Structure formats: structure tokens, C-alpha cells
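I opened the notebook to record what I looked up in this model. The entries are short and follow the order in which I worked.

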Amino acid sequence: MARNWFCGSNDHRVSRRGFLGTAATASALGAADMTTLDLLQSPALAAEVKQQQKHVILLWLAGGPSQLETWDPKPGRPTGGPFRAIPTNVPGVQISELMPKLAQRMQHTAVIRSLNTRNADHGGGAAMMETGRAVEQGLPYPDLGAMIANELGRADSQVPDYVSMYTSTEGRRKGTSGFLGSRYAPMFLTEQMVPENIRKLEQLSELDHVQRSDLRAFLANRFVEGRNSSSVSSHNQAYQRVRGIMASEKLFDIEQEPLEMRAKYGPTQFGEQCLIARRLVQAGVPFVKVARAWWDSHGQNFETHLELVTELDHVMSTLIDDLQDRGLLEHTLIITLGEFGRTPGINSSLGRDHFASAWSSSLTGCGVKGGAVYGKTDADGQTVIDGEIKAGELFATIFEAVGIDSKKEYQIGARPVPIVDFGAKPIREVLA
């Protein structure tokens, strides 16, 4: 690809809390067995996770994908480009021919074709679509992952609440937990798919590790005796959480998966990260972001989208099937989103430029009315002619889909701050 074209979780029912409590106790007593918390090996826990917990997987398409080559094709129009629209398995719904596999899975997906977010700048558009609102000086808003982690995460969880994978250089963004604080900041993976510094030091023997853990527990318990301190309790909880995250190492290791499953996702970085996302969700992680870069196609838009949309079609279809086969799709919301869309007009380099006036997103799985299409653009995709929404309405819809009250407010000092932008309401037409 010519990079110079781009700018820049009941046969034996057990409660999850009970299981994790037992695991934590085992961890405190014997503890350094890093396989104790291999959650994927517990069918009972996996079943409980499937029944109760909601998850979100965000497929962040960095740079801004073209709505015309994905969810809102305009074949035969001056702005339509070379690709056809194809029918899906939902009567009357067509999408780009670059997504034949997703076209046969539309019963799981709702398409939104009417985003008008009015910010076509990479930084500003990304900040808006990460937080659901415009930047406000003096009040650092948390991003979607941090809010989902805060709402759906569990205090006794031994796995990360928010994992963000972004290993490309273009538009690399860590995300922010804003006013929610560092507890909800993402585990950010940028250089490799297994988190750095998560393993026990090689020079430390397993026996030494167990003895150090026992000594720490002994001293901590003596210190706590006679003290009723929330800060001391918080410190111990944080320590146990770190130990749990250490035990999560295998979740990031796709070599734990059968070769057949790895082959289904494919050998690409995006495919392997989506396989890890499924493993994390299966183990109880509430929010996982997988970022795929290089959508910023100011030139050679059609070659770029032929490559990237084809990959998205294969990997996302595999992820949908995998989650469905494990009974997880009805509890997991998959979002496709970028900072904006691309211009209907085709420039002299056969590219499309930044465009935030009439673009698309998709919601698949949990809480969504599959096959729904919301909003409409005109014949050339220049403007929204029905159902215009902004980022706030999309975020309200996402929250309601996973069971979070979109009218909720945070209390920041004396100031109530709504979880979505002021006045934003969910799109009931796409909610199940």
C-alpha cells in the first residue's frame, strides 16, 4: 500500500463472584500458580459470564473509512465509485459488494447512516467519537472504554476492565479515563500483543514467588488488624488486582487457541487482535478496543478500501460467528467506528477526503435490532435527509444496548455531568 497517500464471559452452577473469591483465596494462600485463574478453562464460570455480563468490542477504524465503500453505497452515481451494492440476507438492505460475508450476517447488525458530527479534523473528530461529545476545557471527559469499564466492570474482577490494542503508528491514541481516574485507564498495547512486564521475573523461582506472596499477605493482615481504613483496604484490593492481571497473561496468547481457530481469523495483526478480543471477552473483560489504521485514503481510495474492507469483512464475520457459537454474541456489542467518514466527491488522486457531514457506523449483537437501518442520505451521499444524529445519540444508543441508563449522571464535585451529551437520546429504532 502506498503509505504516502495518507495524512497522517450449567452443569455445575457457580457464581462468578464465588469463583473469583475462591480464586483470590487460592491466590492468597498458595498463590503464585499462574494457571489458577485461567478463566477460559472453567466451563461453569464461562457459562455464568455468558449469562450475566455485557461486553463491548470496538473496532476502531482509524483515519476514517468511507461510508460509500462500506455501509452506504451509492452505485451508479457520480460519487459512487467503482463498487456495486449487493443485497443482504435482510430484504431491502444493501451494502457494499466489498462486504459479502457481512451481508450474509446482517440479521445481527444495525446500520446507522446519518451521523453528522461536524468535525472533520483527525484529532478533534477522534476526541469527539471517543468521548461522545466535543472537548470542554477544564473537564476531561472519559472515553467510551473507560465509561463502559466503570459501568460494567466488577470490583472483584481479576481481569483488566479496559484493553486497547493499537500497534500501528498512524493516529496512535491511548484514550483517556478523564475524570473517572486512573482506575479505568486502558491497558494499552502498542508494541506487542502480550502486555509488557506482566510476567514473573525469570530469575525469581516459583517457590520464592509463593513465599514472597505469603509474607506480603501476613504483613498486610497484621497491619489491617485494628484498623478501619478504606485506603488500606483499597491498597490490598489493588494488589490482588495486579496479581489477577498477571494471571491474565495467557488470555493474550493466541497460541493457546487451536490452529483451526487461528486459521479462521487469519494471520493478520487485525485478525489476531480480534481473536484476543474474543478471548478477553470470554474471560470477562468488559471493553476491548481493536484499532486498525490506514483508512485515511486521500489517494487511491478504492485500492485502499478493496484491501481494508475485505479484511474487515472477513475478520468481523469470523468474530461474529465465533461469539455466536460460544453463546456470547447476545451479550457482546461489536461497534465499527472511526473519527469520521469520507467525502462523496472523488479528488484528482482518486481519493476521498475527510467528511463528517453524512457518514455511517454499525452496531452488531447485544441489544441491537438486527437488520435495522437508521437514517438516510441523499442520492449522492452529500447530506443527511432523514434521522440526522450526532455523537451523543450514538453513545446513548450504545449505552442502552448494553443495559446502561443513558440518562445517568456522574457527580463531579458539585457538578452533575450526564453520561452522554446534554439532550442526547438513544435511537430506539435500532434497539432490540
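The entries below go from the cores to the salt bridges, then to helices and loops.

**Entry 1: the model**

I am working with a predicted model.

**Entry 2: nonpolar cores**

I started with the largest nonpolar core, which has 56 residues. Which members touch the most other members? I found Trp-60, Ile-148, Leu-333, Ile-335, Leu-394 and Phe-399. Next I listed the elements that give two or more residues to this core. The strands are E1 (55-61), E4 (109-115), E7 (287-292), E8 (332-337) and E11 (359-365). The helices are H4 (122-131), H5 (144-152) and H11 (391-401). H11 supplies the largest share, seven residues.

I then took Ile-335 and left aside its neighbours within four places in sequence. Ile-335 contacts Val-56, Ile-57, Leu-58 and Leu-59. Its other contacts are Leu-144, Ser-361, Ser-362, Leu-363 and Ile-398.

There is also a second, separate core of 49 residues. Leu-98, Val-309, Ile-320 and Leu-323 are among its members. A general note for the margin: in soluble globular proteins, nonpolar side chains tend to be buried together.

**Entry 3: salt bridges**

I searched the whole structure and got 20 salt bridges. I looked at a few of them.

Arg-352 pairs with Glu-69, with the closest N and O atoms 2.9 Å apart. Why does this pair tie together parts that are apart in sequence? Arg-352 sits in the loop between strand E9 (341-342) and strand E10 (354-355), and Glu-69 in the loop between E1 and strand E2 (85-87), so the bridge joins parts 283 residues apart in sequence. Are Arg-352 and Glu-69 buried or exposed? Both Arg-352 and Glu-69 are buried.

Lys-74 bridges to Asp-72, and here the closest N and O atoms are 3.6 Å apart. Lys-74 and Asp-72 are both buried.

Arg-173 bridges to Glu-130 at 2.7 Å between the closest N and O atoms. This pair links distant parts of the chain, 43 residues apart. Arg-173 is in the loop between strand E5 (162-165) and strand E6 (187-189), while Glu-130 is in helix H4. I checked burial for each partner. Arg-173 has 25% relative accessibility, so it counts as partly exposed. Glu-130 has a relative accessible area of 9%, so it counts as buried.

I also noted a network of salt bridges that links Glu-257, Arg-278, Arg-279, Asp-322 and Arg-326.

**Entry 4: Arg-113**

I looked up Arg-113 in strand E4. Its relative accessible area is 15%, so Arg-113 is buried. Which backbone oxygens does its side chain reach? One is that of Trp-71, at 2.7 Å. Another is that of Gln-94, at 2.7 Å. Not counting residues up to four places away in sequence, Arg-113 touches Trp-71, Asp-72, Gln-94, Ile-95 and Trp-359, among others. The list also includes Ser-360, Val-373, Tyr-374, Gly-375 and Thr-377.

**Entry 5: helices H4, H11 and H5**

H4 and H11 pack at an angle of about 30 degrees, and their axes are 8 Å apart. H4 and H11 are therefore roughly parallel. At the contact, Met-128, Met-129, Glu-130 and Thr-131 of H4 meet Ala-391, Leu-394 and Phe-395 of H11.

How many residues of H11 are buried? Ten of the eleven are, so H11 is largely enclosed by the rest of the structure. Its buried residues pack against E4, H4, H5, E8 and E11. Just after H11, Gly-403 has a positive phi of about 85 degrees.

H5 is mostly covered, with seven of its nine residues buried. These are Leu-144, Gly-145, Ala-146, Met-147, Ile-148, Ala-149 and Leu-152. At the start of H5, a side-chain oxygen of Asp-143 comes within 3.2 Å of the backbone nitrogen of Gly-145.

**Entry 6: positive phi**

I ended with backbone angles. Most residues other than glycine have a negative phi. Arg-118 has a positive phi, near 60 degrees. Arg-118 is in the loop between E4 and H4. At 58% relative accessibility, Arg-118 counts as exposed.

Trp-294 has a positive phi too, near 75 degrees. Trp-294 is in the loop between E7 and helix H10 (301-325). At 17% relative accessibility, Trp-294 counts as buried.

How values were computed:
Residues numbered from 1 in each chain as written. Predicted model: local features only at pLDDT ≥ 70, side-chain atom pairs only at ≥ 80, totals over all residues. Heavy atoms only, no water. Core = buried A, V, L, I, M, F, W, Y, C linked by side-chain atoms within 4.5 Å. Buried < 20%, exposed > 50% of the residue type's maximum accessible area, 1.4 Å probe, protein only. Helix = DSSP H or I, 4+ residues; strand = E, 2+ residues; numbered from the N terminus. Contact = heavy atoms within 4.5 Å. Salt bridge = Lys/Arg side-chain N within 4 Å of Asp/Glu carboxyl O. Polar contact = N/O pair within 3.5 Å; in protein donor to acceptor, adjacent residues only side chain to side chain. Axes fitted to C-alpha atoms, helices over the stretch in contact; angles between N-to-C directions. Parallel < 35°, antiparallel > 145°, perpendicular 65-115°, else oblique.
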